Amino acid sequence: ADCGDGAPLLVVAGLKGVLKVINAVTFEMQAILRGHGSDIDDVTVHPVDTNLILSASKDESIRLWNIKTSVCIAIFAGEKGHRDDVLSIDIHPL
């Protein structure tokens, strides 16, 4: 993804369940994405729409984010869903 000016973005996450979107050229914070209830284990960028990212967490959920709007689009979790930490995430381009 980029900031609209062509600068690449860096997405970092970790122990507090927060994702930070940083301009990789100016090192300015572009967005802070909150929603996970525990540590984030993995983050991946959508292979077709780079404004979309997925995050996997110890809170037993996967979240789909739009980093351009800073909105959580979907939460994949629930009673019949994951029953332990989600350690890794990937997405097929179709």
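This is a short tour of a three-stranded sheet and of one histidine, His36, in a predicted model.

**Stop 1: the sheet.** Start by selecting strands E1, E2 and E3. They line up in just that order as an open sheet, with antiparallel pairing. Now look at the edges: E1 (9-13) sits at one and E3 at the other, and each has a single partner strand, so one side of each has no neighbour in the sheet. If you sight along the strands, neighbours in this sheet are turned against each other by 15° on average, ignoring direction.

**Stop 2: the E2/E3 pair.** Next, keep E2 (residues 18-23) and E3 on screen and hide the rest. Five bridges join these two strands in the antiparallel sense. For a landmark, click on Val21, then look across to Ala31 in E3, which stands opposite.

**Stop 3: the loop after E3.** Follow the chain out of E3 (29-34) and stop before E4 (40-45): the loop between these strands holds His36. Is His36 buried or exposed? Its relative accessible area is 7%, which is under the 20% cut-off, so this residue counts as buried.

**Stop 4: around the His36 side chain.** Show side chains for Ser55 and Ser61. Which polar contacts does the side chain of His36 make with them? One goes to the side chain of Ser55, at 2.7 Å, and another to the side chain of Ser61, at 3.3 Å.

**Last stop: the wider surroundings.** Finally, add the other residues that touch His36. Setting aside neighbours within four places in sequence, His36 is in contact with Gly17, Leu19, Ser57, Asp59, Arg63 and Trp65, as well as Ser55 and Ser61.

Note on methods: Residues numbered from 1 in each chain as written. Predicted model: local features only at pLDDT ≥ 70, side-chain atom pairs only at ≥ 80, totals over all residues. Heavy atoms only, no water. Helix = DSSP H or I, 4+ residues; strand = E, 2+ residues; numbered from the N terminus. Buried < 20%, exposed > 50% of the residue type's maximum accessible area, 1.4 Å probe, protein only. Polar contact = N/O pair within 3.5 Å; in protein donor to acceptor, adjacent residues only side chain to side chain. Contact = heavy atoms within 4.5 Å. Pairing = 2+ DSSP bridges. Axes fitted to C-alpha atoms, helices over the stretch in contact; angles between N-to-C directions.
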